[in-house]
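Please study the structure shown here. The questions that follow concern an internal cavity and the aromatic rings.

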Amino acid sequence: MKIRVQNYTPEGFIALDNSALIYPPTEAVYNANTFRVSLDLCYTIKQEILEQALHDVLERCSYAKVSLHAGFFWYYLSPNTKQPLVHPEGSYPSGRFSFKENNGYLFKVLYSEHRIALECFHALTDGSGAMAYLKLLVERYCHYANIADFQFPGALNYKARPSIQEFSDPFQHLYDKNLPSYPKISKAYHRKGTGSIDDRVKVISASIPTKQIKERAKARGITIGEYLSSTYLYALQQLQQQEVPLQKQRKPIRLSVPMNLRKIFGYETMRNFTLFAVIGIEPALGYYTFEEIAKEVHLQMAVSQDRKRLLSQIRRNVGGERTPLIRFAPNILKNPLFKLLSDFLGDDQYSGVISNLGQLELPPALEGAIRRADFHLSPGLLNRVALAVIGYLDTIVVNFTSFLNTDTELERLFCTFMVEDGIEVTLSTNRETDR
């Protein structure tokens with residue numbers, strides 16, 4: 001089942017969506033721009049069945065059968081006719097992509113004894129889009145493995161013809177040149193950490209009972225996501241206090257929180273459709289209690305999701321793309337500029353990233369077959385620890401990914417606060433314990 005991708009580029013060339021433009025020119029060893037979603041089943045995963053399921057996913061989602069290319073003016077996608085590959089899972093998730101070793105595809109399917117994982121380069125889609133691919137992959141795998149026939153609630157329908165909207169770029173439709181651009185934000189605090197770093201993505205995974213964290217969040221009038229963001233800010237505040245004893249010299253501490261715009265604007269695209277709430281505190285004004293941080297986070301998240309503010313962000317982002325100086329400058333000149341923009345409008349503004357995919361809704365036929373769900377982000381060189389959150393059944397998993405080889409102080413402070421707040425935390429890691 002194939003469809004023609006609708007865009008404004010010549011036949012055979014597919015324009016990157018507005019959010020994706022920044023990822024190819026800024027991709028580097030310590031800026032992989034990748035992430036992973038995975039499901040662990042109570043069954044042994046068989047490679048040949050997974051390959052069959054992947055074939056079905058690409059037949060249904062033909063717009064994912066693409067590869068990335070560098071043109072003279074822009075990076076672009078084009079149809080990929082090569083065979084998709086299935087890879088054994090390694091020890092470290094969300095590393096830098098080797099497109100050549102993956103036959104040019106922008107997503108990678110991996111497996112271990114019980115796990116089906118999908119890693120994605122951000123130029124293809126965001127976390128919600130990748131999860132939609134993973135759901136369809138697991139659905140088709142279970143069909144061929146004779147485990148069960150089902151469809152995830154609200155997921156892509158394998159039997160339905162893909163809609164044009166699935167590979168549309170909603171940012172272009174929502175762009176309004178008459179709106180004012182989004183205001184600039186000052187530089188934030190960045191923790192360097194101690195010890196050495198390397199590009200292996202180290203993980204500390206915290207599993208939390210959903211009921212317990214929900215009760216602690218509800219008691220403060222905030223959501224689970226706001227509770228976790230507040231805990232992150234609280235831990236960063238402690239770290240900056242240790243590093244910067246003089247209060248007036250302390251910088252703002254902010255988090256970048258991706259917001260899924262699909263429900264807000266009613267577009268069910270499979271491309272990137274995310275903007276980032278930048279929320280935080282001003283430690284130069286004094287010490288913030290956890291309750292004060294929670295209040296700030298709750299109010300700032302509400303403001304960040306206002307449609308008018310979101311449209312202003314879209315005006316800034318798409319307007320920059322359409323500027324003739326940007327549009328017609330060759331890539332050799334544009335790439336360094338995009339790196340500066342990525343720093344100035346991205347990493348410089350926040351002290352960390354926390355991305356929450358929310359609760360994974362499972363079909364009844366699969367509830368007894370799921371062992372675990374995971375979501376991992378690639379960290380960066382400036383913000384060397386990232387947090388990714390996903391819920392399944394009665395558990396929430398918070399995955400800390402880091403380039404730091406021995407420094408786990410942020411993770412310790414974060415988890416210690418939750419334990420002291422009455423929440424049971426079960427930890428696991430891929431870190432080498434003999435270091």
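Q: Into how many nonpolar, polar and charged residues does the lining of the largest cavity divide?
A: The model is predicted, with local features needing pLDDT of at least 70 and side-chain atom pairs pLDDT 80 or more, while totals for chains, interfaces and linings use all residues. Residues are numbered from 1 along each chain, and side-chain values use heavy atoms, without hydrogens and water. A cavity is a set of points on a 1 Å grid over the protein atoms alone where a 1.4 Å probe fits but cannot get out, and lining residues have an atom within 4 Å of a point. With Ala, Val, Leu, Ile, Met, Phe, Trp, Tyr, Cys and Pro counted as nonpolar, Asp, Glu, Lys and Arg as charged, and the others, Gly among them, as polar, the lining divides into 5 nonpolar, 3 polar and 3 charged residues.

Q: How are the rings of F99 and F121 arranged?
A: Rings of Phe, Tyr and Trp (its six-membered ring) pair if their centres lie within 6.5 Å; planes under 30 degrees apart are stacked, over 60 edge-to-face and the rest tilted. The whole structure holds 18 aromatic pairs. For F99 and F121, the centres are 5.2 Å apart and the planes meet at 80°, so by the definition the pair is edge-to-face.

Q: Is F121 buried or exposed?
A: Buried means under 20% relative accessible area, exposed over 50%, and partly exposed in between (1.4 Å probe, protein chains only). F99, at 23%, counts as partly exposed. F121 has a relative accessible area of 1%, and is therefore buried.
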